[in-house]
Amino acid sequence: MYNILIVDCSEASRKFLSEFIKANVGICLEIHEAENGLIALDLVRKNDYSLIIMDVFMPIMDGLQTLKEIKADESVKDIPVIIHSSLYNNRIMEEAMEIGACDFYYRLLSDLDTIKFPLRIKTEIKQFQLRKMQKIVYEESIREMKIRSDLLLENMEEAIIKRGSFEKNVEAEARKADQLLKLSNLNKSTTQSEIYYLAVKAAIEITESGCGVFCLYDDSKQKFSLDVCLNNETIYCIDKSWSKACKIAENPLWRQCLDKKNTIIIDKYDYEDTNENSCVNCSFKFENILIIPIFDDNEVVAVLAAANRNKPFNTYDESRLKHLMQVVWQIKKRNEAETEKDILLKKLEERTKEMEDLLYAASHDLRTPLVNIQGFSGRLEKLFGELADNIKCLEKHDDQKDYRKEINCLIEEKIPRCLHYINASSIKMNILIKGILSLSRTFSAVFETKTININDLIRSILDIMEFNLQTTNSKVFVENLPDCKGDYLYISQVFANLLDNALKYRDENRPLEVTIKGKVLGDKVLYEIRDNGIGMPLNHLEEIWKIFFRCITKTGISGEGLGLTITKKIIERSNGSISVESTEGEGSCFYLELPAAICENSLVCV
């Protein structure tokens, strides 16, 4: 559990911010509160905080003065502090950052971002904990060096004799500190393989061993896989064919370490692996070995081994390797969190762009029928006024012929025409609103991914369309299609949309023929839906996927501009892609790429 201190003179603001953090950060937190700087300083010196969030304007001692006091105190100066203010002042922001604030927010309480701000809090807490761990490791190294120095200095003669050994130990500790520094400076662009390689290299240098091994445990396959193996500076794991052929991953000691969940030290060990099936000519022989388990949520996820040292391994070596892997695993987790944050931010940007496009298109297309309704409603109101006037005139004059004629024209022609246009515009708005709702459901729906028998799916669609196919003399030819992965309901909607479009945009001068093919391409299935309809202009092929885009052909047929937009969104949410080729007057061909149905033996199920 991590402690956070919120400093604000407003109790309502403290409570609001506290509840927001608990609801959105997603890690176990204990939140303390303070109403001014003096109380905050007292709490900071008594408790172990991982983050402080503080307002600038407070009575007794304001946020900037409190920040100065915190940064001047050696015992608490490393705690990250986020400063916020309801009033924008560039001078205050610059002064806060100069004093040592890690970030500054303007109008934090009114503009809270449920994604970016919680991610910022988690990042600051994790980085602070990582810095604390690095500091602990470094201080432990310094204490060890000091203890050894004091022992050597108790007897000067003995110290002179052991000077060479002491210098060697200092050099080893310096190498350890250097390796930890290199690891701590890794960024999110560093791959996991690179992190594991540096960890093994650091383990070899820290323990002065001749060989190092890192193996990951695959719980689904119940076996280890070799990721890194260093022997005299040779990186054998880079050659993946060698890694698969090598039997080091089958060493029974890894399984023992997994089962016991404890360190294994063997001073005399006779194990040799000769890799005869690789382009790398090598042979491994372990003479002595130290193996430590690596935990994640109390489960062993990997093992790290150092081997072939010219003296036995001991618990001191074990302790150093455990400290090393704690740092390594924190870095791995940090990189994963930053990568996940980038992915979420990218998805947020994409979703925001989609919603902006949807709102723009919807407002544009809904405006036309709305203007019609308003215009003809006004005209209808005017016509009813004319009708009332003519009825009054009819009652007052003896010659009623002209007035009766005008009244009949209003009742039989002008008023029905206005009502017709109002009704047509209302129907148009209803269709557009239904389309927007359908597209919105596609954005937010939970897809239930299963193996889909496409042959059965196509047959069920054709059964529903049988009457239209017969009355239009249309034919659909379906080859034996491979299965795919997806949500049955939504994938069915995709094929139904495409077949319905083929029927709608058929060429009246020839019978419609549609051909559906499919083939497996690695872990994907490519479906091809080809027709001999009227086709589309080349300059429309990129536009047809946009919401409410209507491809008006020479025949004058135009849809509502929603079917292909929904189709594309379903395919994208199914981890697939869709494209089209078309020639006006000859026909169109749509290409759908979807995840293939894969069996356990990695063969495609057909």
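Burial is defined by relative accessible area, with buried meaning under 20%, exposed over 50% and partly exposed in between (1.4 Å probe, protein chains only). The model is predicted, so that local features need pLDDT of at least 70 and side-chain atom pairs count only at pLDDT 80 or more, while totals for chains, interfaces and linings use all residues. Residues are numbered from 1 along each chain as its sequence is written, and side-chain values use heavy atoms, without hydrogens or water.

Strand β3 (residues 51–55; strands are DSSP E runs of at least two residues, helices H or I runs of at least four, numbered from the N terminus) is mostly covered, five of its five residues being buried. Leu51, Ile53 and Asp55 point one way from β3, and Ile52 and Met54 the other way. Pairing requires at least two DSSP bridges between two strands. Strand β1 (residues 2–7) pairs with β3 in the parallel sense over four bridges, with leucine 5 opposite isoleucine 52. Strand β4 (residues 81–85) likewise pairs with β3 in the parallel sense over four bridges, and isoleucine 53 has isoleucine 82 as its bridge partner in β4.

The lining of the largest pocket comprises 34 residues, of which Lys126, Asp296, Trp329, Gln330 and Lys333 lie nearest the centre of the pocket. A pocket is an open set of points on a 1 Å grid over the protein atoms alone, where a 1.4 Å probe fits, with protein on both sides within 12 Å along at least five of seven lines; lining residues have an atom within 4 Å of a point. Helix α11 (315–396) gives the most to this lining, with 12 residues.
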